[in-house]
Each structure stands twice: as C-alpha cells, then as structure tokens.
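Student: I've got a model open and I'd like to learn how to read its side-chain features. Can we go through a few together?

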Amino acid sequence: ASLLAHLHQKFPHTDFKIAQAVYMGVWDALLYQNGHFAIGAPGFHTIDNHFSAEVLGVLDWVFVLSPNHPLANVPEALSDNALRQYPAINVEDSSMRLDKRIAWRLAGQQELLVPDFLSKIACHKNGLGVGFLPKNLAQQLVLSGDLIIKEVAAKRPSSPLSVAWKTEGTGKINAYLRQMIANKSPLFSACWQLLAEEEI
C-alpha cells in the first residue's frame, strides 16, 4: 500500500493494477495476461525474449512444524519415510497456461494446496501438515513460538528470483521501479526482509 501510494503521487494520471501470482503464474501473467512488470519472477533469466530480467535475490527455505506436531520432538533429521505420513502444505502455482511447479512433495505424500503464504502459515500453526517456508519469514514465527524449524534429510534448494518486464514499450514507471529496486528503496522493505542478505 505504501508503494502504491508513492506511485500514485508520483504518477497521478496512471491507472495501476496490482496482482499476486505464484511460481510460474508470474510468467503466465506477463506472457498471457498483459502484465508489464513483475517483482519476484522465478529464476534469474527470462523465459521469453520479449521480456528482460534482472537478479532480485535468493530465497532460502527452512522446514517448519507446529510445536505440537507429532514430529516436533524427534531429535534427529526427519527422514522422507517419517514425513510421508503427513500432508505437504503448499501454495498452489497460479499459472493457467504454463506448466505448474510443485513446491515440495515426496512421492506418495498427501498434499494440501492453499492460495497464499498466510493460509500456509495458518495451516502449519494448526498442525495440518509439514513443509518449507522462506527462512527469514520462518524465523519471525519461531521467535513468536508459533513454529519450530527442523532438519530434514532432503533439503529444499534456494530459489533465485528476478525482476522482469516487457522489453518493448516500457515507460517512465518501469524505469522508475527498476531504479527504486536498484537503490534498495525502503518501500520494498518486505521484499528485502524475505531475501537472503548475502544475495541482495
């Protein structure tokens, strides 16, 4: 909301539409839904030559459980066999045309698909299943006592993220947003807080 208020003041005659997309849904929105600018597109490179991309950072993941989950007191790293007994809680890829990605799920494991991270966190808090959260987000929930972090045998690799935009027909707002990101504007503080510090 702060970013939108800033942009509205800077470009008062522009109509803004902000949408949330997940995983390949970000590229789907750019390619097929007339999207112009994306913050947090998966990967460090564009998937289409009509778009450009710049590195945003890397998202590190940790495995989380409710403190009341049956696996919470297991002292060693959790094996795949132990984890398969409980549903994987995942945010669903919002892509409509491109192949969807599965965030994390073991073979034979039940899955609970939710629309966003707020829903995913609520499910974890209520002990409905297991899964990964961004490290910097999970740490806040651990400090509050809502979740615990556990070691697992198979870790989830870090996720590279980019800023992506249409190469042709870009205007002042596109350039302005890219400059704000390059300068680590505090209006993107929520983004910086999620990314691994060494990659920003």
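Tutor: Sure, let's start with a polar contact: a pair of N or O atoms within 3.5 Å, where within protein one must be able to donate a hydrogen and the other to accept it, and residues adjacent in sequence count only if both atoms are side-chain atoms. Here the side chains of K166 and N34 make one at 3.2 Å. Keep in mind that this is a predicted model, where local features need pLDDT of at least 70, side-chain atom pairs count only at pLDDT 80 or more, and totals for chains, interfaces and linings use all residues. Residues are numbered from 1 along each chain as its sequence is written, and side-chain values use heavy atoms, leaving out hydrogens and water.

Student: How far apart are K166 and L30 in sequence and in space?

Tutor: They are 136 residues apart in sequence, and their C-alpha atoms are 7.8 Å apart.

Student: And how do I read aromatic pairs?

Tutor: A pair of aromatic rings is described by the distance of the centres and the angle of the planes. Rings of Phe, Tyr and Trp (its six-membered ring) pair if their centres lie within 6.5 Å; planes under 30 degrees apart are stacked, over 60 edge-to-face, and the rest tilted. This structure holds seven such pairs. In one, F11 and Y176 have ring centres 5.5 Å apart and planes at 80 degrees, so the pair is edge-to-face.

Student: Which residues form one aromatic cluster?

Tutor: F63, W104 and F132 do.

Student: What about charges over rings?

Tutor: There, NZ of Lys or CZ of Arg must be within 6 Å of the ring centre and within 35 degrees of the ring normal. R156 lies over the face of W61, 3.5 Å from the ring centre. The charged end of K184 sits over the ring of W192, at 5.5 Å from its centre.
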